[in-house]
Amino acid sequence: MKNLFISILTIFLLASCGSGSSEQKEEEKKISSRDEIRLKQYQVQGAKVYTAYCANCHQQDGKGLASLYPPLAGSDYLLENLPRAACIIKNGQSKEIVVNGVTYNQMMPGNPITNLEVAEVLTFIGNAWGNEIGLVGVKDVDKWIDECEGY
């Protein structure tokens, strides 16, 4: 009888600890919902920044311009290193790069935009044309910009 009681008590305790409270689940939904809203806001604002600063070279469809300007759609170079991408968007770059196996050596000027706008445009680019990186937060971009190294 004692073993049965201990077994039932153990099952009860495990079940109550593992499932989490309804308040905790509700808070997780709120956080998820907030991030989802912020993702959509960043995508909308990022599209405006992209049109103003990026589309002339990288084109509205993100496919780049022949061998002059690299694509952003499906770009291995962009997607493999977001901190580097943030630094290049903000500060520009003049080094030769290889994107999806193609070499580009056209200089890219820096953009006079805020770190928030960098986060927004990276979120837009990172979720357009088949790219799927999710939300790029401004706190991450702040850190990345502070740590930029010769891109």
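**Exercise 1. Work out which residues of helix 6 are buried and what this says about its surroundings.**

Start with the list: in helix 6 of this predicted model, the buried residues are Asn115, Val118, Ala119, Glu120, Val121, Leu122, Thr123, Phe124, Ile125 and Gly126. Next, set that against the helix, which runs over residues 115-126 and has 12 residues. With 10 of the 12 buried, helix 6 is largely enclosed by the rest of the structure. Finally, check its span: from first to last C-alpha helix 6 reaches 16 Å, close to the 16 Å expected.

**Exercise 2. Find the disulfide and describe what it links.**

Begin with a search of the whole structure, which turns up one disulfide. Its partners are Cys87 and Cys148, with an S to S distance of 2.0 Å. Now place them: Cys87 sits in helix 5 and Cys148 in the segment after helix 7, so the bond ties together parts 61 residues apart in sequence. Then look at the S-S torsion, about -100 degrees, which makes the disulfide left-handed. As for accessibility, Cys87 is buried at 2%, while Cys148 is partly exposed at 24%.

**Exercise 3. Decide which residues and elements line the largest pocket.**

First, the volume: the largest pocket holds about 480 Å³ of space. Of its 28 lining residues, His58, Pro70, Leu72, Ile88 and Met108 lie nearest the centre. Now sort the lining by element, and helix 5 gives the largest share, four residues. Last, sort by class: 20 are nonpolar, seven polar and one charged.

Definitions and conventions:
Residues numbered from 1 in each chain as written. Predicted model: local features only at pLDDT ≥ 70, side-chain atom pairs only at ≥ 80, totals over all residues. Heavy atoms only, no water. Helix = DSSP H or I, 4+ residues; strand = E, 2+ residues; numbered from the N terminus. Expected span 1.5 Å × (residues − 1). Buried < 20%, exposed > 50% of the residue type's maximum accessible area, 1.4 Å probe, protein only. 1 Å grid on protein atoms, 1.4 Å probe; cavity = no way out; pocket = protein on both sides within 12 Å on 5 of 7 lines; lining within 4 Å. Points joined across faces, edges and corners; volume = space filled by probe spheres on them. Nonpolar A, V, L, I, M, F, W, Y, C, P; charged D, E, K, R; others polar. Disulfide = S-S within 2.5 Å.
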